[in-house]
Amino acid sequence: MIILLEGPDGAGKSVLYKQLQNEFSSNFIRSINRNDKGQYLWYKQHIESPYVYFIDRGFISELVYRPIKDDREPNITLEEAGNLCSRHLFVIYCTNKHAYDNMKLRGDDYIEDENEHKQICTRYEEVITTIDNFTNARVFYYDYSFPIIYNILLDAIRRFIEQTKKEVVHGVR
């Protein structure tokens, strides 16, 4: 099973990733190389695993960033992404109205300007909404500026892990 942290730069993914490392003893992966065409196969192999993989950025970032930053087609299609979105995928979509400012405060310069950041946020909204509405993946919208949401998120992750482990043992997809 995979728990995927996604969202635009400055939205709080890395901070949340570190907090989750303190809460769960699982496999934490900083990122699946978005330039690697083999990422689709990696996800297919691990999505039905009884082990928990927390990933800070993955195939959704590929769908969002590559067309905007590289002006190239992503290594994974939206259809392939949809095929990966089984009941054993939990997406945490990190969003925050101060994301651009946070990114600039850190000194990040990967995103050229606020307009490009808005493009990225809009594309994330489109992809996340599609996954949320048309697949079996579970999507949790997370904004760290509301501290109470963190505890709700932890409960949701624990329930997801418990339920998914039972499903994997019994072969439910």
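A residue is called exposed here when its relative accessible area is over 50% and buried when that area is under 20%, with partly exposed in between. Keep those limits in mind while moving through this structure, which is a predicted model.

**First stop: the sheet**

Begin by selecting the strands, of which five form an open sheet with parallel pairing, in the order 2-3-1-4-5. At its edges are strand 2 (27–29) and strand 5 (138–142), each of which pairs on one side only. As you turn the view, follow the twist of the sheet, which averages 15° from one strand to the next.

Now select residues 2–6, which make up strand 1, together with strand 3: the two pair in the parallel sense over four bridges. Within this pair, Leu 4 has Ile 55 of strand 3 as its bridge partner. Then add helix 7 (residues 148–170), which packs on the sheet and touches strand 1, strand 3, strand 4 (89–94) and strand 5, while its direction makes about 165° with that of strand 5.

**Second stop: Leu 4 and the cores**

Return to Leu 4 and display its surroundings: leaving aside residues up to four places away in sequence, Leu 4 touches ten residues that you can pick out in turn, namely Tyr 43, Ile 55, Arg 57, Gly 58, Phe 59, Ile 60, Leu 89, Phe 90, Val 91 and Ile 92. In soluble globular proteins, nonpolar side chains tend to be buried together. The largest nonpolar core of this model has 29 residues, and those with the most contacts inside it are Ile 2, Leu 4, Phe 59, Ile 60, Leu 89 and Tyr 124. Two or more residues of this core come from each of several elements, including strand 1, helix 2, strand 4, helix 5 (99–105) and helix 6 (114–134). Apart from this core lies another, of 25 residues, with Leu 5, Phe 28, Ile 92 and Ile 161 among them.

**Third stop: His 46**

Select His 46, which lies in helix 2 (residues 39–46). Is His 46 buried or exposed? At 17% relative accessibility, His 46 counts as buried, and, not counting residues up to four places away in sequence, it touches Met 1, Ile 2 and Tyr 53.

**Fourth stop: two residues with positive phi**

Arg 57, already met as a contact of Leu 4, is found in the loop between strand 3 (53–56) and helix 3 (59–70). Although Arg 57 is not a glycine, its phi is positive, at about 80°, and its relative accessible area of 11% makes it buried. Next, move to Asp 71, in the loop between helix 3 and helix 4 (78–84), where phi is again positive, at about 55°, in a residue that is not a glycine. Asp 71 has a relative accessible area of 68%, and therefore counts as exposed.

**Last stop: the cysteines**

How many disulfides does a search of the whole structure find? The search finds zero. Select Cys 94 and Cys 121 to see why: the closest cysteine sulfur to that of Cys 94 is in Cys 121, 12 Å away and too far for a bond, since a disulfide needs two cysteine sulfur atoms within 2.5 Å. Cys 94 is buried, with a relative accessible area of 0%, whereas Cys 121, at 23% relative accessibility, counts as partly exposed.

Methods:
Residues are numbered from 1 along each chain as its sequence is written. This is a predicted model: local features need pLDDT of at least 70, side-chain atom pairs count only at pLDDT 80 or more; totals for chains, interfaces and linings use all residues. Side-chain values use heavy atoms; hydrogens and water are left out. Buried means under 20% relative accessible area, exposed over 50%, partly exposed in between (1.4 Å probe, protein chains only). Two strands pair if DSSP finds at least two bridges between them. Axes are lines fitted to C-alpha atoms, for helices over the stretch in contact, and angles run from 0 to 180 degrees between N-to-C directions. Contact means heavy atoms within 4.5 Å. A nonpolar core is a set of buried Ala, Val, Leu, Ile, Met, Phe, Trp, Tyr and Cys residues joined through side-chain atoms within 4.5 Å.
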